[in-house]
Structures are given as structure tokens and as C-alpha cells.
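Hi there,

Here is the structure I promised to pass on to you. My notes on the salt bridges and on one of the sheets follow below it.

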Amino acid sequence: MFRDPDVLVVGGGPAGRALAAATAERGLRTTLVDPAPEAPWRATYGCWADELPDDLPPSVIAARATGRAIALSEHRLGWEYAVLDVPALRAHLDGELARRGVQVRAGRAAAWASGAVHLSGAEELRAAVVVDAGGHRQPLRAAPRRRPSAEQTAAGVVVDEAIAAPLVAPGEALFMDWRPDHGEPGWPTFLYGVPLGGGAVLLEETSLARRPGLPLPVLRRRLRARLARHGITPPPDAATEAVRFPVDSPRHRTPGVLAFGAAAPLVHPASGFSVATSLRLAPAVADAIAAGPDRALAAAHAVVWPRGAGAVHRFRRIGLEALLRMPPAEVPAFFETFFALPPRHRWCYLVGRADVRGTAATMRALWAGAGWRMRARLIAPAVLPPAVLPPTVLPPTGV
């Protein structure tokens, strides 16, 4: 006789797989549902090395590098940056799912209603605890979005480290390079350059956030121009990458559902990072679920959104809106001020997701270092509606 699982995880990305393995490890019958559970992951996942859980196998880290950034001048970040070996991470998590006996099913969640997950094809799945780990699409979210998303978009190419050396030296990660070397006016973009291991480097033209997102053809054109300016010509068969995801997904508040990973959302509005946070939180969330059936959902929600995390999230969203409203020419100056802050303030803003006091101290330090015009830019988002920008018009050739 079929028994409903204790935990049903919708979404098989890093967050969903990590949490499903963790709940099964604690003796809970766990089912994971994903539209294409065998499909490979094609994104590049980066994070600060100190964010990763201690028990993650060393094999899942493809490269480590010292980080630097260029705004109006160059800044050494002082922390180690890690790029994950995505196939190795996938193999590790899949091995944990198999070892813990997680049932993995193919299926697309269409809706959440009457205490059940409704799949395409009219099938219903129930569980004591239902988790939406379906990424930024938030498949179990009840309320529709009210406005266009602010999106991070990027277009990249993978080259040998010797080819990338004029911009990214071996052993380094270029977190941001805001120099307008692409030669175009308009919405500001930066170069992101990180080692992938095995002598390969990803060079990616990135729009940190825009509502709506800057089109990929614009980013590809700017990337070609930037690389050409530095004498870099990627080989014709070089691997490429395209990135598009929202950085302002609404809080998932559907009753009866625990949101986890990017669906929560755990995505940092300033960096776009979420994977390391999800991997680190998965065991604690699983502990909360396993502690007792009566308050499992509330206890797990308190782990995902501990006291203070909501306030910090709102602070970060205000910072995002400030960036969206900032004239393009002022963006590098804003990051010059940010990167000049003491390391403890920068680290708190990038990592301290529940540190209200530290975040407030960072905001005060940023205010103190800003000029009057920038201070006005920082205040405006607190009193004005979200900024929606006009679409970017591509040239007739679409290049």
C-alpha cells in the first residue's frame, strides 16, 4: 500500500537535492519531484569559500582564488573565492540521495491547492511537509508577481588561462571590473572573470541587475568589444554561457509550504549568490523538520528566516532599488565607496543575512563615505515605488 512521504521536495536543484538528502538522513521518508531530474546543470556556481559547509567534499570545488574588484580603482577583497565543480557537486548530491533512499520522480508541479501538490497530468502528491525548492519560478507560490522582475543577466565565454591573462591573472578571480572597456553608453555592465579549474577561465559580461534585464545580445556584443580591447580573441569553438535570473523574487508566503533555496528566496539581491547558503542551511532545516510533526513547518521556516533576516533582506532590497535608480555614470563611484569600506562591513553586507546591527553599521559607514548626491540616491528607494526601466532596443541586425 502506497504511503504518503513525510517530506515532499519540489525542485531538484542544489538546494532541493541537499535538503531532500538531509531529511532522509534523519529517517524521514522523502520524495523529490523535478520536471527533468536527470538533466545536467549548466550554470556556474561561485561563492565565498568561507560560506561553504565544512563537510562538503573537497572534490566539489573546482578552483579557489584570491578576489579583486575594479570600480574607479582596484581593490583586493581579502577573501578566498571558490568556484564549484558543478558535475562533481551533482554527483555528490545524487550519491547522497541514493544512499539515503530518497525517491526521485519526474513531474512538473502545476499548483498547490487543498493541501496537495498538483502535477501536470492531474496527479496529486501529499506529504506532512511540502517544500518548494523550485528556484526563482516558485512553482508552489500562490500569489502572482505584481511587477517585472529585476534580473541579473550575463553572457560569457570560456578560454584558456593564458588567453585570459591580460584581464585575469592565474590564481586570481576578478569579481567585478566596472571599467567601460566595451565602449558603449547606457546601462552599466562589468566583467566577471573566474577560474574554472583545469586551466580554464570564464569571462562574463554581466548586468548586476536591471528591471527588465539587459538583453543577452547586448551583453555578447559588449563582451566581444571588451575582450578585443585587451587583445583577447576566444577560439571559434569556445564554450559559452548565458545567465538570466531574478534577484528580487517575492517572499514565498504560501500557507502550508516551506520555501527553500532560491524559491525562499535566499538569493542575495546584490551578488545573486544562494547556493552556498542553501547547502549550509539544509542540515539545520532538516533538523527542524525532524524535531516533531506538529510544529515542523514553523520550526523549519524559523531556520530559513531567523529573527533579523527579514529586516536585512529589506535593507538589501533598498540597496538594489538604489542601484536600479542610479545614473549609469555614478554606478562605478558607488562601488568605489562600497569596496573602500572596512572588510568587516563588506563581509557583513555580503554574508550576514540575519545580522541587523552589522548591516545597519555597514549602511552608516556607506553613508559616511558617500557624497551628498549619492546619499540622495540611497534614500530615494525607501520612499519611491520600484524603478521599471524602458526596454533596451537592439540594433536591426540583432547582434
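Arg68 and Glu74 join their side chains in a salt bridge, with 3.1 Å from N to O. Please keep in mind that this is a predicted model. The two partners sit in different accessibility classes: Arg68 is buried because its relative accessibility is 9%, under the 20% cut-off, while Glu74 has a relative accessible area of 41% and is partly exposed.

A second pair you may like is Arg244 with Glu151, whose side chains form a salt bridge at 2.8 Å, N to O. Arg244 belongs to strand 15 (residues 240-246) and Glu151 to strand 11 (residues 151-160), so this contact ties together parts that lie 93 residues apart in sequence. Here the arginine is the partly exposed partner, as Arg244 has 39% relative accessibility, whereas Glu151 is buried with a relative accessible area of 16%.

The third pair is Arg377 and Glu330, where the salt bridge spans 3.0 Å from N to O. Arg377 is in helix 11 (residues 372-379), and Glu330 is in the loop between helix 7 (309-325) and helix 8 (331-339), so the parts tied together are 47 residues apart in sequence. Arg377 is partly exposed, at 27% relative accessible area; Glu330, at 16%, is buried.

Beyond these pairs, there is a network of salt bridges that links Glu25, Arg26, Glu96, Arg99, Arg100 and Asp287. How many salt bridges are there in total? The count comes to 26. As a general reminder, side chains of opposite charge can pair when their charged atoms come close.

Now to the sheet. Five strands make up an open sheet with parallel pairing, in the order 6-2-1-10-16. At its edges are strand 6 (103-106) and strand 16, each of which pairs on one side only. From one strand to the next, the twist averages 25°. Helix 1 (residues 14-25) packs on this sheet and touches strand 1, strand 2 and strand 10, and its direction makes about 165° with that of strand 2.

Which strands does strand 10 pair with? On one side, strand 1 (residues 7-10) pairs with strand 10 in the parallel sense over four bridges, and Leu8 stands opposite Val130. Strand 16 (residues 257-259) also runs parallel to strand 10 and is joined to it by three bridges, with Leu258 as the bridge partner of Val131.

The side chains of strand 10 (residues 129-132) are worth a look in your viewer. Val129 and Val131 point one way, Val130 and Asp132 point the other way, and all of them are buried. That includes the acidic residue, Asp132.

Towards the other edge, strand 2 (residues 30-34) pairs with strand 6, again in the parallel sense and over four bridges. In this pairing, Thr31 stands opposite Gln103 of strand 6.

If you want a place to begin, you could start from the pair of Arg244 and Glu151, with its N to O value of 2.8 Å, and then turn to strand 10 and its buried residues.

Best wishes, and happy browsing!

Definitions and conventions:
Residues are numbered from 1 along each chain as its sequence is written. This is a predicted model: local features need pLDDT of at least 70, side-chain atom pairs count only at pLDDT 80 or more; totals for chains, interfaces and linings use all residues. Side-chain values use heavy atoms; hydrogens and water are left out. Buried means under 20% relative accessible area, exposed over 50%, partly exposed in between (1.4 Å probe, protein chains only). Helices (H or I, at least four residues) and strands (E, at least two) are DSSP runs, numbered from the N terminus. Two strands pair if DSSP finds at least two bridges between them. Axes are lines fitted to C-alpha atoms, for helices over the stretch in contact, and angles run from 0 to 180 degrees between N-to-C directions. Contact means heavy atoms within 4.5 Å. A salt bridge is a side-chain nitrogen of Lys or Arg within 4 Å of a carboxyl oxygen of Asp or Glu.
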